[in-house]
Amino acid sequence: MEVPDFFRCPISMELMKDPVTIPTGVTYDRRSIEKWFFVYKKSTCPATGQTVVSTSDITPNHTLRRLITAWIEDLGRTPSAASSPPSTSASAAVNKDDLASLLTAIDSSSPFKVGSLKKLRAAVESGGGNARADFVSLGGIETLRRIVIQVLLDSADSSIMHACEHALAILTHHLPLPEDALTEPDLIKSMLTVLQRGSAESRLHVLTIFRSAVKSSNHKWTSIITDNDIDITKSLLDLLSDEVSTAKSSSYALDVLIAVLGRRHSKKNRLKAVEAGAVHVLVELLIDCPSRHRCEKALFALKLLCECAEGRSAFADHAVAVAAVAKVVLRVSDAATKLSVKVLWLVCGGGGRGAAERVLEEMVMCGAVKKLLGVLHVDGRSSTKEKAMRMIRLHGGVWRRYPCCPSELRGYLDYVNSSDSRLH
C-alpha cells in the first residue's frame with residue numbers, strides 16, 4: 001500500500017520512524033534531520049530554506065508518531081490482495097470529463113488545489129496512454145506550468161511548494177515535453193527554486209525534466225539559459241556537493257552540467273562554473289566515486305573546464321586534483337582513462353600552453369607519471385597513448401630530477417635519447 005505523503009520524511013522520502021519537528025514547523029525523521037544538521041553542518045530547514053537558529057531545538061511529534069503506528073497496525077489487519085476481491089482503481093477509471101474537472105479545480109484559487117493535483121497525478125500515473133493524451137489535449141501542461149511558476153512568487157509558502165512538487169511529478173510522465181514548454185525563463189527559474197529547496201523526490205523530478213530538455217532540444221534550451229543569464233550552474237553544483245543527494249540525482253545533474261558547459265560558444269558558462277567552484281566540486285566527486293558512469297561524467301565536465309585558462313588555474317590550485325585524476329587512469333574504464341589523460345594533458349602544457357611547476361611536481365609525487373608510463377604499455381595506437389608519450393617527452397627532464405622519479409621513466413628517457421642520437 002502507498003505510504004501517505006504526510007508520513008514520509010521530506011529528506012529521505014521514507015516512512016518516518018521517529019518524527020520530530022524543528023523550529024520552522026516542518027516535521028522530519030529524527031535520523032535524517034540530525035544527519036542534516038550535525039553531519040553535514042547545515043543550518044537551514046531543508047523544506048523551506050529558512051535559517052534555523054537553534055539546530056538542537058528538535059521536538060518529538062508524538063501525535064504524528066501515534067498516527068503512523070495506528071496506520072501500520074491497520075495495514076497489518078488488512079486482508080492481503082490475494083484474498084481480496086478484485087477492484088477497479090478509481091484513478092484508473094478517470095475519464096476525459098473527470099480530467100477536465102480536475103484541471104479546472106487546479107486552475108482555480110481553491111484551497112484544495114493539492115488534493116486535486118494528487119488525484120490528477122494518480123490518474124495520469126495509472127491511466128495509461130489514453131489518460132495522458134487526454135491530459136495534453138485539455139491543456140494540462142499549460143495548467144501545470146502556471147502552478148510551477150507560482151513558486152517564484154512565494155517560495156516560502158509550503159502549500160505552493162507542495163503543489164509545485166506534485167505538478168512536476170506529473171510533468172515527468174509527459175517527457176519529452178513540447179519544445180516550447182520550457183522556453184519561459186521564469187519557469188526555469190521556478191524549477192531551480194525547487195532544485196534548491198524542494199524534497200529529494202521533487203529535485204529528481206526537476207533534474208529529469210532538465211535532462212530531457214537538453215537531450216531533445218538540440219541546444220535550444222541551453223541557449224535560453226545562457227541568453228537570459230540564468231544561474232543554473234550554482235544550483236547544480238550545490239546538489240552535486242550535497243551528500244544527501246541520491247546517486248540518480250547526481251548523475252542527472254552531471255548530464256545537465258555537461259550540456260550547459262559543452263554548448264557551442266559556452267565560454268561564458270564555463271567561466272561562471274569555475275567562479276562557482278565547479279573544479280573543486282568535480283574533483284571531490286572523483287575522490288570517492290563508486291559509479292563508473294558518474295566518474296566518467298565528472299571527468300568529462302572537468303575536461304571541458306580545463307579547456308579554458310581559468311579552469312586549468314583552478315585545477316592547479318586544488319591540493320589533490322592531480323592525484324584524484326591520476327587515480328582513475330587504467331583503473332575505472334577505457335573511457336575514464338582517455339578523459340583523465342586528456343585532463344592531465346591540458347593542465348600540464350598540452351597544445352603549447354605553459355605548465356605550472358606545482359602541477360608537474362604533483363604529477364611525479366602522486367604517481368601520475370608512473371600511470372602515464374603504464375599507458376604506454378597498452379597495446380595498439382591511440383590518441384591517449386600519444387598524449388602520454390608527448391607529456392613524458394616534454395616534461396621527462398623535469399621529472400627525472402626528483403628523487404621519487406620512477407626508475408621506468410629514467411630507462412624510457414635514456415632509450416628515447418639514444419634513439420634520437422642514432423637518428424642524427
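Of the 424 residues in the chain, 47% are buried. The structure is a predicted model, and its secondary structure consists of 22 helices and 3 strands. The accessible surface of the chain is about 21000 Å², and carbon and sulfur atoms account for 51% of that area. When contacts between residues at least 6 apart in sequence are considered, 63% of them join residues at least 24 apart.

Confidence comes next. The pLDDT averages 85 over the chain, and 90% of the residues score at least 70. Residues 79-92 have a pLDDT below 50, and this stretch makes 5 contacts in the model beyond near neighbours in sequence. Where pLDDT is low, predicted coordinates should not be read in detail.

The strands are a convenient place to begin. They form an open sheet of 3 strands in the order S2-S1-S3, and the pairing is antiparallel. Strand S2 (27-29) and strand S3 (59-60) are the edge strands; each has a single partner strand, so one side of each has no neighbour in the sheet. Strand S1, residues 19-21, pairs with S2 in the antiparallel sense over 3 bridges. Within this pair, Val 20 stands opposite Tyr 28 of S2. Helix H1, residues 30-39, packs on the sheet and touches S1, S2 and S3. The direction of H1 makes about 95° with that of S2.

The loop between H1 and S3 contains Thr 44. Thr 44 has a relative accessible area of 26% and is therefore partly exposed, since that value falls between the limits of 20% for buried and 50% for exposed. Leaving aside neighbours within four places in sequence, Thr 44 is in contact with Trp 36 and Phe 37, and also with Gly 49, Gln 50, Thr 51 and Val 52. A comparison over a longer stretch of sequence involves Arg 197, which is 153 residues from Thr 44 along the chain. The C-alpha atoms of Thr 44 and Arg 197 are separated by 9.9 Å.

Trp 36 appears again in the surroundings of Asp 242. Asp 242 touches Trp 36 and Arg 203, not counting residues up to four places away in sequence. Asp 242 lies in the loop between H11 and helix H12 (247-262). Is this loop residue buried or exposed? Asp 242 has a relative accessible area of 8%, so it counts as buried.

Several other loops have backbone features that can be picked out. In the loop between helix H7 (158-171) and helix H8 (185-197) lies Pro 176. The peptide bond from Leu 175 to Pro 176 is cis, with omega near -5°. Asp 229 is located in the loop between helix H10 (220-227) and helix H11 (232-241). Its phi is near 55°, a positive value in a residue other than glycine. Asp 229 is partly exposed, with 46% relative accessible area. Leu 330 also has a positive phi, about 60°, although it is not a glycine. The loop that holds Leu 330 runs between helix H17 (321-328) and helix H18 (334-347). With a relative accessible area of 43%, Leu 330 is partly exposed.

Helix H15 (residues 292-306) contains Lys 303. Why does Lys 303 count as buried? The relative accessible area of Lys 303 is 12%, and because the limit for a buried residue is under 20%, Lys 303 falls in that class. The side chains of Lys 303 and Glu 307 are joined by a polar contact of 2.9 Å. Apart from neighbours within four places in sequence, Lys 303 is in contact with Leu 339, Lys 342, Val 343 and Leu 346.

Ser 313 belongs to helix H16 (residues 309-317). At 36% relative accessibility, Ser 313 counts as partly exposed. Ser 313 and Val 347 are 34 residues apart in sequence, and their C-alpha atoms are 8.2 Å apart in space.

Definitions and conventions:
Residues numbered from 1 in each chain as written. Predicted model: local features only at pLDDT ≥ 70, side-chain atom pairs only at ≥ 80, totals over all residues. Heavy atoms only, no water. Helix = DSSP H or I, 4+ residues; strand = E, 2+ residues; numbered from the N terminus. Buried < 20%, exposed > 50% of the residue type's maximum accessible area, 1.4 Å probe, protein only. Pairing = 2+ DSSP bridges. Contact = heavy atoms within 4.5 Å. Axes fitted to C-alpha atoms, helices over the stretch in contact; angles between N-to-C directions. pLDDT = per-residue confidence, 0-100. Polar contact = N/O pair within 3.5 Å; in protein donor to acceptor, adjacent residues only side chain to side chain. Areas by Shrake-Rupley, 256 points an atom, 1.4 Å probe, with all protein chains shown as cover.
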